[in-house]
Amino acid sequence: MEEDTDFRIRFSSLCYITDHVGFHGTIKSSPSDFVVIEIDERGQLVNKAINEPTYKMSKVLPEPNNFAKKTKLGFQNLVFEEESNQKVNILVQCSDDEQNHQSGPEKEDTSNDGTSKGEEEKAYALGSLLDEKTNERLNQFACDIKEKWKSKSELTGPSPEFSLGRILDKNQRAILHSAIRQKFPFLITVGKNSEIVVKPNLEYKELCHLVSEEEASDFFKYLDAKKENSKFTFKPDTNKDHRKAVHHFVNKKFGNLVETKSFPEANYNAGNPNTVITVRFREKAHKHRKRSVECQERKVIYTAFTLQKENIEMFEAIGFLAVILGVIPSDFSYAGLKDKKAITYQAMVVRKVTPERLKDIEKEIKKKRMNVFNIRSVDDSLRLGQLKGNHFDIVIRNLKNQINDSANLRERILEAIENVKHKGFVNYYGPQRFGMGRKVHTDQIGLALLKSEMVKSVRLFLTPEDLDDPVNRAKKYFLQTEDAKGTLSLMPEFKVRERALLESLHRFGMTEEGCIQAWFSFPHSMRIFYIHAYSSKIWNEAVSYRLATYGSRVVEGDLVCLDEDGDDEQFPNNKVHLVTEEEESANAYAIHQVVLPVLGYNVQYPKNEVGLWYQEVLNRDGLQTCRFKVPTLKLNVPGCYRKILKQPRNLSYQLIEKHDTDVKAEGSHIDGATLSLLISFDLDASCYATVCLREIMKHGF
């Protein structure tokens with residue numbers, strides 16, 4: 001594989017964290033030697049067929065149109081201080097309480113063991129749609145809330161929340177919203193962007209001051225069910241002032257949805273006239289809900305699928321799919337970028353395309369070594385970073401010792417793998433972040449965009465390599481003539497991005513304003529990709545400088561992450577801590593907690609030599625006054641924090657002699673020229689297998 005000399009030099013100067021010798025080998029001899037499989041947010045490999053019962057729930061459970069609205073989330077670490085054995089007892093007690101709440105509204109059918117069909121359906125829904133661990137945590141969260149209320153202690157601070165994570169299928173979300181509210185009426189569910197968060201229902205608690213807990217429970221179940229022409233009746237009440245308070249509460253909180261009236265209790269004793277409060281849904285609320293359902297039916301179509309591609313760049317693959325399906329590239333969303341020279345599997349969502357239409361193109365795209373499967377309807381697009389990580393199956397061929405190293409090759413390989421397995425690797429951004437061109441890298445285009453040098457950025461994008469092929473001949477012609485129309489006639493059809501840019505330049509001209517319009521022919525995710533590439537290059541250089549300056553010590557002025565469970569690159573500022581002199585002396589933090597900022601307008605910098613280095617680099621690149629916003633392109637770059645070290649998970653490996661799949665016996669001598677290494681591991685999102693391999697092999701890209 002041909003290597004870019006400038007690129008190789010750029011990475012060979014970056015530091016390592018481990019001290020083993022390493023070895024030589026060849027990666028990506030063919031795409032099948034480098035297989036990448038995305039791991040979704042549930043921890044599932046996206047190349048596995050989706051045959052879960054959760055996708056058929058609507059056949060078993062009530063129609064989702066009658067379920068509660070969606071609402072919001074974030075995974076908060078809510079744990080009340082109680083002994084674990086006490087929590088177990090509470091859980092049993094909570095479950096028993098919930099099974100007995102059937103009073104006000106019409107009773108549901110019950111089975112022989114006394115539980116209602118509705119309760120069975122809700123339990124089935126939660127058990128089917130949530131994994132066992134999440135289900136347990138939900139039950140524990142519910143019991144913790146109930147116990148806090150029973151103990152009369154107030155919930156201080158912000159309202160506690162429990163996140164169920166993102167649920168892409170809208171029917172599943174509707175079922176979960178209702179199942180949780182029906183099983184735990186003292187909780188509410190809120191959602192946004194397909195996420196579901198569970199919170200205490202403070203209105204439930206308030207109503208419990210006026211009526212029994214059983215009545216409050218039944219009332220909120222009634223509200224959630226939204227059964228047309230149904231009514232709810234509170235227990236008989238002789239106290240007029242108390243009835244007035246109940247009327248006032250219901251109308252104040254839910255007056256736009258329901259109406260209340262008082263009626264004499266049937267068969268009441270004339271000497272002791274009881275009165276009951278009846279609640280009915282307002283007629284206009286039904287009409288509004290019907291209109292809402294109709295609007296939902298007219299919503300934009302979203303179709304999710306798994307894309308398999310071989311030896312094709314991701315943006316090129318999207319462009320090809322867009323042409324066939326009659327949409328534009330920005331209609332596609334994805335969780336992460338994938339290698340070109342590889343076989344990759346990733347989740348995608350396309351707007352305005354039905355599942356049936358997507359299935360129709362399967363044969364056509366196989367000619368481009370692409371495939372689509374796991375096709376299904378969803379309710380939202382994907383966003384970058386919406387994945388747990390990636391699984392890699394990699395073959396490294398032609399293994400041999402480093403120059404002037406005469407040690408046993410097998411021992412060198414095992415030493416290297418075990419070292420990185422336990423110590424980790426420097427979490428550099430990988431080569432695919434910057435493109436593999438010899439003359440221009442994506443970070444150079446990003447720098448030009450940050451400096452609002454629009455004409456320069458377009459010229460960089462269309463700079464040819466020293467290769468004689470149609471694409472580079474077309475680019476060369478453009479730089480010589482700036483004739484966008486003529487260049488379009490030369491540019492191959494499959495170069496969708498280049499052609500989109502050229503079409504805009506033909507329409508608006510090669511001026512500053514024309515180049516701005518040309519960049520808008522790219523979706524937002526593609527425009528900001530170039531700026532992220534520049535930020536990534538600076539981060540790589542910063543972490544190498546930090547390790548060269550301070551090594552593995554955590555020193556005063558370092559930034560450390562206090563949230564061990566947080567997603568990489570998603571740490572809020574309040575979870576990033578500046579190390580003090582006292583903390584350095586006490587060795588309070590470990591190197592794996594150290595983070596460095598990825599450039600942006602909302603990050604803090606280290607207060608040591610590394611912070612000074614950042615300022616010098618920004619001055620060098622002419623960004624000393626940069627606010628990391630490009631308003632003309634609608635690009636805002638808040639920045640983030642990235643851990644400087646990462647570790648591979650679920651790592652396994654096997655040494656294979658050429659033409660032989662058997663692993664050689666321990667200690668046997670093997671000629672290095674005949675050896676290949678099959679290695680598999682998982683990495684977190686935004687980590688690069690090539691970077692992990694670089695640390696293992698101590699051999700540049």
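**Exercise 1. The four-stranded sheet**

Which residue stands opposite Leu578 in E16? Place the pair in its sheet, working on this predicted model.

*Solution.*
- Step 1. The residue opposite Leu578 in E16 is Leu559.
- Step 2. Find the strands. Strand E15 covers residues 559–561, and three bridges join E15 to E16. The two run antiparallel.
- Step 3. Widen the view. The sheet is open and has four strands, ordered E16-E15-E17-E20. Its pairing is antiparallel.
- Step 4. Mark the edges. Strand E16 (576–578) and strand E20 (640–643) each have a single partner strand, so one side of each lacks a neighbour in the sheet.
- Step 5. Add the twist. From one strand to the next, the twist averages 50°.
- Step 6. Add the helix. Helix H20 (residues 524–550) lies across strand E17 (594–598) and E20. Helix H20 runs at about 145° to E17.

**Exercise 2. The three-stranded sheet**

Work out the strand order, the edges and the helix that lies across E7 and E8.

*Solution.*
- Step 1. Three strands make an open sheet in the order E6-E8-E7. The pairing is antiparallel.
- Step 2. Strand E6 (231–233) and strand E7 (258–264) are the edge strands, each pairing on one side only.
- Step 3. The twist from one strand to the next averages 25°.
- Step 4. Look at E6 and its partner. Strand E8 spans residues 275–281, and three bridges join E6 to E8. Phe232 stands opposite Val279 in E8.
- Step 5. The helix is H8 (residues 240–254). Helix H8 runs at about 160° to E7.

**Exercise 3. A helix length check**

Test whether the end-to-end span of helix H4 agrees with its 19 residues. Then inspect the start of H4.

*Solution.*
- Step 1. Helix H4 covers residues 132–150.
- Step 2. Compute the expected span. At 1.5 Å a residue, the 19 residues should span 27 Å.
- Step 3. Compare with the model. The end C-alpha atoms of H4 are 27 Å apart, which agrees.
- Step 4. Go to the start of H4. A side-chain oxygen of Asp131 comes to within 3.1 Å of the backbone nitrogen of Lys133.

**Exercise 4. Salt bridges across the chain**

How many salt bridges does the structure hold? Trace three of them, then find a network.

*Solution.*
- Step 1. The count is 28 salt bridges. Side chains of opposite charge can pair when their charged atoms come close.
- Step 2. Take Lys253 and Glu206. Their side chains form a salt bridge at 3.6 Å, N to O. Lys253 belongs to helix H8 and Glu206 to helix H6 (residues 202–207), so the pair ties together parts 47 residues apart in sequence. Lys253 is partly exposed, at 29% relative accessible area. Glu206 is partly exposed too, at 36%.
- Step 3. Take Glu214 and Lys235. The closest N and O atoms of this salt bridge are 3.7 Å apart. Glu214 sits in helix H7 (residues 213–225) and Lys235 in the loop between E6 and H8, so parts 21 residues apart in sequence are tied together. Both ends are partly exposed: Glu214 at 26%, Lys235 at 44%.
- Step 4. Take Asp684 and Arg649. Their closest N and O atoms are 2.8 Å apart in a salt bridge. Asp684 is in strand E23 (residues 675–684) and Arg649 in strand E22 (residues 649–657). The pair links distant parts of the chain, 35 residues apart. Asp684 is partly exposed at 22%, and Arg649 at 29%.
- Step 5. Find the network. Asp331, Arg351 and Lys352 are joined into one by salt bridges that share partners.

**Exercise 5. One residue in its setting**

Is Met314 buried or exposed? Describe its surroundings.

*Solution.*
- Step 1. Met314 lies in helix H10 (residues 314–325).
- Step 2. Its relative accessibility is 2%. Buried means under 20%, so Met314 counts as buried.
- Step 3. List contacts beyond four places in sequence. Met314 touches Lys309, Tyr334, Gly336, Leu337, Lys338, Gln346 and Met348.
- Step 4. Check one partner. Met314 and Lys338 are 24 residues apart along the chain, and their C-alpha atoms are separated by 6.4 Å.
- Step 5. Set this against the whole protein. Of its 701 residues, 51% count as buried. Among contacts with a separation of 6 or more, 75% come from residues 24 or more positions apart.

Methods:
Residues numbered from 1 in each chain as written. Predicted model: local features only at pLDDT ≥ 70, side-chain atom pairs only at ≥ 80, totals over all residues. Heavy atoms only, no water. Pairing = 2+ DSSP bridges. Axes fitted to C-alpha atoms, helices over the stretch in contact; angles between N-to-C directions. Contact = heavy atoms within 4.5 Å. Expected span 1.5 Å × (residues − 1). Polar contact = N/O pair within 3.5 Å; in protein donor to acceptor, adjacent residues only side chain to side chain. Salt bridge = Lys/Arg side-chain N within 4 Å of Asp/Glu carboxyl O. Buried < 20%, exposed > 50% of the residue type's maximum accessible area, 1.4 Å probe, protein only.
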